[in-house]
Amino acid sequence: MNFETNFYTEQGEFTRTMRLLGRRVELRIWPASFGWRFGDGQSQRSTSPGAAYPDLEITHRYLKEGRVSPSVDTTYAAQFRVGGGPWRDVAGTVTIAGSPQSLRVVEARPVLVGG
């Protein structure tokens with residue numbers, strides 16, 4: 001409760017290749033932004049997926065103990081090309097809602113230990 005909680009996701013870029021009307025079509029898809037919902041009514045938008053500890057990029061300080069269900073929605077952008085031609089932007093984006101994860105918020109209490 002009295003420390004920042006670190007958040008990150010491992011959503012990354014991916015590609016797909018298919019044939020459409022006899023032509024090779026390549027798609028390049030990447031996360032363009034993230035909508036973090038911390039489960040206590042607070043939220044944040046970022047272009048960063050966050051990072052594992054100790055790189056604290058996306059953090060949240062919970063003010064009360066208890067159970068929360070944080071999640072992250074990922075908004076994807078894309079480009080395509082046909083037959084090895086130039087890459088072109090796909091109009092618009094698609095947002096995929098993340099599954100809530102169970103998190104128990106507890107208060108941390110420091111203890112000095114002599115030795």
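Q: What element gives the largest share of the lining of the largest pocket?
A: Strand S1 does, with three residues. S1 (5–7), S3 and S7 are the elements that give two or more residues. Strands are DSSP runs of E, at least two residues, numbered from the N terminus. This is a predicted model: local features need pLDDT of at least 70, side-chain atom pairs count only at pLDDT 80 or more, and totals for chains, interfaces and linings use all residues. Residues are numbered from 1 along each chain as its sequence is written, and side-chain values use heavy atoms, without hydrogens and water.

Q: What makes a residue part of the lining of the largest pocket?
A: A lining residue has an atom within 4 Å of a pocket point. A pocket is an open set of points on a 1 Å grid over the protein atoms alone, where a 1.4 Å probe fits, with protein on both sides within 12 Å along at least five of seven lines. Here 14 residues line the largest pocket, and Phe7, Tyr8, Pro70, Ser71 and Gln101 lie nearest its centre.

Q: Why is strand S7 called mostly covered?
A: Nine of the twelve residues in S7 (71–82) are buried. Buried means under 20% relative accessible area (1.4 Å probe, protein chains only).

Q: How do you know that S7 pairs with S3 and with S8?
A: Two strands pair if DSSP finds at least two bridges between them. S3 (23–37) and S7 have twelve, antiparallel, so they pair. S7 and S8 (88–89) have two, also antiparallel, so the criterion is met. Glutamine 79 has aspartate 89 in S8 as its bridge partner.

Note on methods: Buried < 20%, exposed > 50% of the residue type's maximum accessible area, 1.4 Å probe, protein only. Helix = DSSP H or I, 4+ residues; strand = E, 2+ residues; numbered from the N terminus.
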